Amino acid sequence: MTTDSLLIPDWPAPANVRAVCSTRHGGVSSGPYASLNLGGHVGDDEAAVAENRQRFVKLSGMSAAPLWLEQVHGTVLATLPPTSQGTPVADACTSTERGVVCAVMTADCLPVLLCDQAGSRVAAVHAGWRGLCAGVIETAVAGFARSTPLMAYLGPAISQQAFEVGAEVREAFMAHSADAAVAFREGDDGRYYADLYHLARQRLMQSGVSQIYGGQYCTYRQNELFFSYRRDGQTGRMASAIWLD
């Protein structure tokens, strides 16, 4: 389901699992950050970002604000709430505690939300091509117990039609699995168009996750709904969040 400010994942998650993805609408930021920019690291006015984050919490029905990460395109999984002060440096986070919101910010990279069928653990993953290739999805999946099946929701990301990459990106994924070849369409001058959604589905399936939903949006082409770093350069960030009620 899509509202002006939020996407509500359409997936059969347990009743106590809540998940949302923001759009670019519903905030107070202006210019290239208009309007619900949730990123505090992109040059936007700090007061505007703070107001946008408060609005996101209220719109989503969260009991507490997300515990934001410092994302570095890596594979570290942070367990929330953290045991030490400071912002966790990680590209995935997980929790088993009610009301603790796991969230990642994106503006073309792929957000992946995970939960188990028991409704006992959730995780949010920031999967740009580097983290995806290096195994951030596998790291997040490994944080769950193997006794209950998992499901995944693929939030809004750049689509294959808009994501042109060099041959080295294809080679990096092929080094992990030759099956990755089907996720790349050859372009001009030795370059390729990469399908992040397909690559993520492959990694999830290889990790034993067969219930996979979402993956129908394009942040680059749907400029009325989403921020896109590749399209605009200077731009805001959306958030994808998941928590246990």
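In this predicted model, Asp108 sits in the loop between S5 and strand S6 (110–116). Asp108 makes a good starting point for a tour of the backbone, with a positive phi of about 140 degrees although it is not a glycine. At 9% relative accessibility, Asp108 is buried. A second non-glycine residue, Asp189, also has a positive phi, here about 55 degrees. Asp189 belongs to the loop between strand S10 (184–186) and strand S11 (192–194), and its relative accessibility of 78% makes it exposed. As a reminder, most residues other than glycine have a negative phi, and most peptide bonds are trans.

Peptide bonds add two further points of backbone interest. The bond from Ala34 to Ser35 is cis, with omega near 0 degrees, and Ser35 is placed in the loop between strand S2 (17–22) and helix H1 (46–60). Leu80 and Pro81 are likewise joined by a cis peptide bond, for which omega is about -5 degrees. Pro81 is found in the loop between strand S3 (77–79) and strand S4 (92–95).

The cysteines come next. A disulfide is a covalent bond between the sulfur atoms of two cysteines. The model has 0 disulfides under a cut-off of 2.5 Å between sulfur atoms. For Cys21, the closest cysteine sulfur belongs to Cys115 and is 13 Å away, so the pair is too far apart for a bond. Cys21 is buried, with a relative accessible area of 1%. The sulfur of Cys109 is in a similar position: its closest cysteine sulfur, in Cys218, is 13 Å away, which is too far for a bond. Cys109 also counts as buried, at 18% relative accessibility.

Turning to the interior, in soluble globular proteins, nonpolar side chains tend to be buried together. Here the largest nonpolar core holds 64 residues, and the members that touch the most others are Trp11, Val112, Leu114, Val125, Phe184, Leu204 and Ile242. Leu114 illustrates this well: beyond its neighbours within four places in sequence, Leu114 is in contact with Arg121, Val122, Ala123, Val125, Ala140, Val141, Phe144, Met151, Ala152, Leu204 and Ile242. Separate from this core is a second one of 14 residues, which includes Phe56, Val57, Trp68 and Trp243.

Several individual residues help to relate distant parts of the chain. Leu7, in strand S1 (residues 6–7), is buried with a relative accessible area of 1%. Its C-alpha lies 6.1 Å from that of Ser22, although the two are 15 residues apart in sequence. Gln211 is part of strand S12 (residues 211–214) and is partly exposed, at 23% relative accessibility. Setting aside residues up to four places away in sequence, Gln211 touches Pro12, Gln117, Leu150, Met151 and Ala152. Between the C-alpha atoms of Gln211 and Ala92, which are 119 residues apart along the chain, the separation is 19 Å. Thr235 occupies the loop between H6 and strand S13 (238–244). Thr235 is buried, with a relative accessible area of 2%, and its contacts outside the four-place sequence window are Pro32, Tyr33, Val42, Phe227, Ser228 and Tyr229.

Empty space in the model was examined too. Rolling a probe the size of a water molecule over the atoms shows where such space is left. The largest pocket has a volume of about 660 Å³. Its lining comprises 24 residues, of which His73, Cys109, His126, Tyr229 and Arg237 are closest to the centre. Strand S5 (102–106), helix H2 (129–134) and helix H6 (229–232) each contribute at least two residues to this lining. By class, the pocket lining has 10 nonpolar, 8 polar and 6 charged residues.

As for enclosed space, a search of the whole structure finds 1 cavity of 30 Å³ or more. The volume of the largest cavity is about 50 Å³, and its lining is formed by Phe173, His176, Ser177, Asp179, Ala180, Leu199, Gln202, Arg203 and Gln206. Helix H4 (167–176) and helix H5 (196–206) are the elements that give two or more residues to that lining, with H5 providing the largest share, 4 residues. The cavity lining divides into 3 nonpolar, 4 polar and 2 charged residues.

Definitions and conventions:
Residues numbered from 1 in each chain as written. Predicted model: local features only at pLDDT ≥ 70, side-chain atom pairs only at ≥ 80, totals over all residues. Heavy atoms only, no water. Buried < 20%, exposed > 50% of the residue type's maximum accessible area, 1.4 Å probe, protein only. Core = buried A, V, L, I, M, F, W, Y, C linked by side-chain atoms within 4.5 Å. Contact = heavy atoms within 4.5 Å. 1 Å grid on protein atoms, 1.4 Å probe; cavity = no way out; pocket = protein on both sides within 12 Å on 5 of 7 lines; lining within 4 Å. Points joined across faces, edges and corners; volume = space filled by probe spheres on them. Nonpolar A, V, L, I, M, F, W, Y, C, P; charged D, E, K, R; others polar.
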